[in-house]
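Open the model in your viewer and keep the sequence panel beside it. The stops below are given as selections, one after another.

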Amino acid sequence: MREVTEEQLRACFVNATRRELEQLPMPGLHETIWDEREYLGWRGERSSRIGYIVHWRGDELVGVVVRAAPGGLRPGIAAMCSMCHSTQPATQVRMFSARLASLDGDTGSSIGTYLCEDLACSHIIRSGPPHLTSPARIAARGAALLERLERFTARVERATREARGG
Ligand SMILES: [Zn+2]
């Protein structure tokens with residue numbers, strides 16, 4: 001992923017309300033290893049259910065605000081993240097929903113998806129035994145992950161626009 005600035009982050013969200021933007025917690029951009037990321041994902045304060053997902057679409061930075069469903073999946077089962085397609089213990093995958101909101105408010109609708117609970121798919125696909133994490137395999141998984149994510153954020157963007165009637 002190409003590096004981003006705080007200013008770019010503030011301007012990139014397609015479904016953030018004014019209040020969410022005012023309270024946007026900044027991720028640690030200086031500590032980020034950009035070469036090892038397909039997208040930037042981070043969560044709000046500890047008690048917050050909000051998460052943020054940002055990626056480049058060509059030269060355009062696209063961000064979506066998501067909200068973790070209250071209560072996790074049933075422990076003891078396996079679950080799969082819809083973006084990185086990693087199968088993990090259910091406690092590490094959550095249902096998140098992107099509300100179709102604009103600066104001035106919420107339309108009441110949302111689009112849901114299962115995501116790694118800490119929004120760190122890029123880290124997940126780089127962890128594991130060597131035969132699963134060769135450079136070629138990581139590149140392929142990374143490309144597929146980004147493609148799925150682009151589809152998701154484009155869907156949120158389109159539906160938000162439609163919900164607002166334009
Ligand atoms: Zn994931």
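Select R57 and E60: these two residues are bridge partners, with E60 in strand 3. This is a predicted model. Now widen the selection to strand 2 and strand 3 (residues 60-68), which pair in the antiparallel sense over eight bridges. The two strands form a hairpin with two residues between them. One stop in that turn is G58, which has a positive phi of about 65°.

Stay on this pair and pick out two further positions. I53 stands opposite V64 in strand 3, and V54 stands opposite G63 in strand 3. In a regular strand the side chains alternate between the two faces of the sheet.

Next, add strand 1 (residues 40-43) to the selection. Strand 1 pairs with strand 2 (residues 50-57) in the antiparallel sense, over four bridges. Here, too, the strands form a hairpin, with six residues between strand 1 and strand 2. To find the register, select R43 and look for G51 opposite in strand 2.

Go back to strand 3 and add strand 6. Two bridges join these strands, which run antiparallel. A68 marks the place: F96 in strand 6 stands opposite A68.

Now show the whole sheet. In what order do the five strands of the open sheet lie? The order is 1-2-3-6-7, and the pairing is antiparallel. Strand 1 and strand 7 each have a single partner strand, so they stand at the edges and one side of each is left without a neighbour in the sheet. Look along the sheet for its twist: on average, neighbouring strands are turned by 30° against each other, direction ignored.

The next stop is the interior. Select V64, C116 and C121, which touch the most other members of the largest nonpolar core, a group of 33 residues. Strand 2, strand 3, strand 6 (93-102), strand 7 (105-116) and helix 4 (135-163) each supply at least two residues of this core. In soluble globular proteins, nonpolar side chains tend to be buried together.

Centre the view on C116. Which residues does C116 touch, not counting residues up to four places away in sequence? They are C81, C84, Q92, V93, C121 and I124.

Then step to L115, which lies in strand 7. Is L115 buried or exposed? L115 is buried, because 24 other C-beta atoms lie within 10 Å and 20 or more are enough to count as buried. Leaving aside neighbours within four places in sequence, L115 is in contact with C81, S82, M83, R94 and F96. C81 also appears among the residues that C116 touches. For a distance check, select the C-alpha atoms of L115 and T91: they are separated by 11 Å, and the two residues are 24 residues apart along the chain.

Finally, zoom out and colour the chain by secondary structure. There are four helices and seven strands, and from the N terminus on they run α-α-β-β-β-β-β-β-β-α-α. Along the principal axes, the C-alpha atoms fill a box of roughly 50 × 35 × 30 Å. The radius of gyration is 16 Å, which agrees with a compact globule, because a globule of 166 residues would have a value near 15 Å. Of the 166 residues, 30% count as buried. Among contacts with a separation of 6 or more, 60% are between residues 24 or more positions apart.

How values were computed: Residues are numbered from 1 along each chain as its sequence is written. This is a predicted model: local features need pLDDT of at least 70, side-chain atom pairs count only at pLDDT 80 or more; totals for chains, interfaces and linings use all residues. Two strands pair if DSSP finds at least two bridges between them. A nonpolar core is a set of buried Ala, Val, Leu, Ile, Met, Phe, Trp, Tyr and Cys residues joined through C-beta atoms within 7 Å. A residue is buried if 20 or more other C-beta atoms lie within 10 Å of its own, exposed if 12 or fewer, and partly exposed in between; C-beta atoms are placed from the backbone. Two residues are in contact if their C-beta atoms, placed from the backbone, lie within 7 Å. Axes are lines fitted to C-alpha atoms, for helices over the stretch in contact, and angles run from 0 to 180 degrees between N-to-C directions. The radius of gyration is taken over C-alpha atoms; the globule rule is 2.2 Å times the number of residues to the power 0.38.
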